[in-house]
Structures are given as structure tokens and as C-alpha cells.
Amino acid sequence: MTQGPPPGASSGRGAEQTGRTAVAIIGGGVAGLSAAFLLRDAGLTVTVLEGSPRLGGKLAVSEVAGVSVDAGAEALLARRPEGTGIIADLGLAGELEVPGTTSAGIWTRGRVRPLPRRQFMGVPADFDELAASGIVSPRGVARARQDRSRPASEPGGDESVTTRVGGRLGIEVVDRLVEPLLGGVYAGRCEDLSFEATLPALAKAAHQHASLADAAASLLPPPADRDADGAAQPASPVFTTLTGGLGGLPAALAAASGAVVRTSAMVRELTRTVVGWRLTVGSADAPEWLDADAVIIAVPATPAGRLLAGAAGRVPATGQAAAALGEITYASMAIVTLAFPVHAFAEPLTGSGFLVPAVDGRAVKAVTFSTMKWPHLRRENPAVQVVRCSVGRLGEDAVLQRDDADLAALAAADLSAAIGVRGSPVDARVTRWGGGLPQYSVGHLHRVARIRAAIAAAPGLAICGAAYDGVGIPACIATARLAADQVLGYLGSQGVSARARR
Ligand SMILES: Cc1cc2nc3c(=O)[nH]c(=O)nc-3n(C[C@H](O)[C@H](O)[C@H](O)COP(=O)(O)OP(=O)(O)OC[C@H]3O[C@@H](n4cnc5c(N)ncnc54)[C@H](O)[C@@H]3O)c2cc1C
């Protein structure tokens, strides 16, 4: 890193500037660190600049009653290859854990009810199973059944989840099934979320099927996989995690990347120089400058937009990207992790937890029985059950203004109302995620296309992270791969890689 003047005051690259890097990566979350790891064999100097004192962004492990549990993302989708693939490349495949249970519930209409197995993100594929679950009223089930007799929908461009799913299956299915499932992913509202962007596989399947239930069925495995003798086989687990928590992944990526990784290195400004980019890093009082041939921006949409807006004077396309990034809003939430004595529950815990529809007006939107879902956690303290409560959806900021003790008490009260709990937790931890999840609102795919087109017009720039093609970890890693490939292509075309070899 160079103590030096802003780019207007110099050529931007002098012989005295020893802090140059081939690739600067702004943001040390899973996307930025994956990009660094994916560049490890390119023979380039790579520098990751993380603004906070801690690597990992939304991945973090914390200790509750002696158990190390994830306080951010806790489950990795195993059916996409990017997450498990990078873990295997890190040599950590042996640390992948299998869930102890996959059944989940929905707390609605007076009790926790089993989540139908034959559903795709809450869109039911089997109306008899839906009726038996009691999640939707008999009237709601009758409305949902009309999906199979209605003519095919003719959507006029992107629509909200409420418009598309509600139009086919009725609003009760949206409110009591789809909203809680999507709420678990985006903490957003179905009337704002884009059908195409949040349910892309279903949107694609819906082109082949008049009925949305049939489209959902086409995406599900057969009702029960059977072995050669006809015995039912458990389907392969949808989710996995790491023994020490997904919060361990960032440090492993950083260590294996071979990159220079700095924390407490907030990038405040990005400017185009004659031959590359200059990053202004650190406080206004003591700024540092880093010159880079190429830059990967791996921060959420809001800071990405700010950085790109600042570069628009010399590269107007970045201003267009900034405008589109500014349209992406974020939902805040908190994770309240509670540890109870194992015998505190009215009934022994079963299943992995439950979701709570927003229409039911509870503070808690999802509850994970962490030590049931991930049995390996029980080894750390067999005397407790760890329960993770998720609080806060888009527009519910008031509840998040409560102090930690209040929020923990609120979550414990909801838990007790749902499943019956005797006594208080023996330990609690509240982790706040301000602006934690981007909202893929109607028009998201077009917005991302605008961002990508504008970034492509800025030489040596790439973007990655949760704001674009999916918020889950595998999707973030996929964007990191794309960004790494784009930067390598650019550097190769400029002949920079030869100059900047380590
Ligand atoms: C509570 C919660 C639970 C989740 N659960 C799951 C789950 O179970 N499974 C799953 O797959 N996904 C889950 N997700 C989503 C997933 O964790 C995130 O989408 C993903 O981790 C985002 O990674 P990222 O690298 O894009 O961004 P981030 O993790 O946000 O990382 C960006 C980094 O950039 C840094 N930064 C910002 N501005 C600057 C700047 N100017 N200069 C330098 N650094 C900067 C930030 O400090 C941050 O560390 C969850 C998310 C949340 C909030």
C-alpha cells in the first residue's frame, strides 16, 4: 500500500510506487475471498481489502453455551456444485456435515404443522398433502386446486411472487407457504419480490406447464427414491455445513488464496488512472492509495454504487452501474441464538425447526433447532439444545431497535408460544445484520443486466456477490468465478499478467 497523492496529482504509477497490485478485491466476504482463491494459480499479485476488522461478511461463527454455531449463514445448498466444490478444493470435504433431520414445520393457524414434502419453495405439488397439513384453510385449498383447471397464464413481463403465484393458487398459499419460505431466504415481501429472479427454476418450468403445481412437481424428485429391492431410500441431503461452522470458510479461503488479505481497510474511493485504477483506503485523516490493474468489487450494492458513482467522472459507464445498483434495497434482520437445557421443552424437539408466516404477526420469522439439524453440534455441549431464531423482515426495523436482552426475550416468548418451553435460556446471543439481504424486487434481472453491461464498459472492472444472481453461498461463489474469469481475460488482453507476476 502506498502513501501517496491522489491520481490527479501524478501519473498514477511512478517507479517509487511499490504498493501496486495486479488485482484489488474490495470486500472480504465469501464472494471476494472466493474470487481471490479462484485467482490463486494465475501468478498475479492479488490484494483483498476488507473494511471491517473481521473477514467473512455474512459468515460468522459465535459461541453460545460452549457450542460454536453460525450466527450468519448456517446451511450450504449441497445440490449446487460451487459451494461443496470450493470446499473440496480447499481440502475440507471431510468436514462436510449431513443434517440429522430434514423435516420442518410452519407455525400457523394455532400450531406447528408439517411442511408438505411435495412443494417447491412453498408452491404445492400435491393438493391432498396440502389439505392434510392444515397450513391453508379448506377454502384456501379449494382455491389452490383451481390452478389445474385454469388456462395457462400469459405473464406480461416480470411479475411479483404475489401476482404470479397468488394468481394461480390463491393468496393463502402465498401468505402461509411461499412467503415464509422466501422470507427465510430474502427476509422480503412477496408483493415486491420478482417471480423470475427469486424462483428462476419454477419460472422456467412454468413455460412448459399450464399449472404452477405441475411446474413445481416437475422440479421435485420422485415421491420416494427406491433401491433395487424396492426399499425407500432417503434422498441425498439438500443442505450441508462445515464441522466448525460455515463461518470457518472465509479464513480457509483467505489462507489458501495466497493473496494479501487486509482487514480494517475500508475502500473509500475508486478512480480511473491512465493505466488502471486507484483505490483510496482508510480514514480521511490517514488515507492510503493502492494502484491496481484490475478491480473486483465484492461488496453489497449500496457501497458498490457509492464507489462506482465516484468513478463516473472519468468512466461514465460506472455512473450508469451506480444508478442501477442504487435501486437494490436491503432488509435488516437479527439472529437470536438461545441455548436451553435439553429437558426445557414441553415435548422433545423433533425436526429441524419451523417457519412463521408474516400474516400471523409474530416477531420471529424462522426458528432452527440447530442441535437437531446439525447433530455434530451436540458433541460440544450435550446438556443443551441450541435454537436459532431469525427476527426481522423488510420494513420491520422497529423490532430491531430493541436492545439485545429485549430481543432475546421476545424470541424466547414466541418460541414458548409455539412449542412450549419451561424456564429461561442458559445462554443467549444476538447478532444483528443491518442491510443483511438484498431484495430481488420486480425488474431485478433487467437491473442486473444493466449493471453488468455498464461494468463491461469499464476496463478491468468486475463485480460479484449476493446482489446479483442469488443470495445463497453457491450463487455468490458462481459470481466470484465469473468476476475472476473476466479479470483474467482483461489482464491477458492487456498483457498485464506478465508485468505483475509475483
Ligand atoms: C442472517 C443471514 C443468514 C443467511 N443464511 C444463509 C444460509 O443459511 N445459506 C446461504 O447460502 N446463505 C445464507 N445467507 C446469505 C449469504 O450468507 C450471503 O448472501 C453471502 O454470505 C454474501 O456474501 P458476499 O461476499 O456477497 O457479501 P458480504 O458477506 O456482505 O461481504 C461483503 C464484505 O464487504 C465489506 N465491505 C463493504 N464495503 C466495503 C468497502 N467500501 N471497502 C472494503 N470492504 C467493504 C463488508 O464489510 C463485508 O465483509 C444468509 C444471510 C444472512 C444475513
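At what angle do helix α1 (residues 30-38) and helix α10 (residues 249-257) pack? In this predicted model, the angle between α1 and α10 is about 25 degrees, and their axes lie 8 Å apart. Because angles under 35 degrees count as roughly parallel, α1 is described as roughly parallel to α10. The two helices, α1 and α10, form a left-handed crossing.

The residues that bring these helices together can be listed for each side. Helix α1 contributes V30, L33, S34, A36 and F37, which meet L249, P250, L253, A254, A256 and S257 of α10. Sorted by class, the contact of α1 with α10 comprises nine nonpolar and two polar residues, with no charged residues.

A second helix pair is formed by α5, spanning residues 161-169, and α6, spanning residues 171-186. Helices α5 and α6 pack at an angle of about 135 degrees, and their axes are 8 Å apart. With this angle, α5 is oblique to α6. The crossing in which α5 passes α6 is right-handed.

On the α5 side, the contact is made by V161, T162, V165, G166 and L169. The residues of α6 that take part are I171, V173, V174, V178 and L182. In terms of class, eight nonpolar and two polar residues make up the contact of α5 with α6, and charged residues are absent from this contact.

Key
Residues are numbered from 1 along each chain as its sequence is written. This is a predicted model: local features need pLDDT of at least 70, side-chain atom pairs count only at pLDDT 80 or more; totals for chains, interfaces and linings use all residues. Axes are lines fitted to C-alpha atoms, for helices over the stretch in contact, and angles run from 0 to 180 degrees between N-to-C directions. Helices (H or I, at least four residues) and strands (E, at least two) are DSSP runs, numbered from the N terminus. Angles under 35 degrees count as roughly parallel, over 145 as roughly antiparallel, 65 to 115 as roughly perpendicular and the rest as oblique. A crossing is left-handed if the near helix is turned anticlockwise from the far one by less than a right angle, and right-handed if clockwise. Two residues are in contact if their C-beta atoms, placed from the backbone, lie within 7 Å. Ala, Val, Leu, Ile, Met, Phe, Trp, Tyr, Cys and Pro count as nonpolar, Asp, Glu, Lys and Arg as charged, and the others, Gly among them, as polar.
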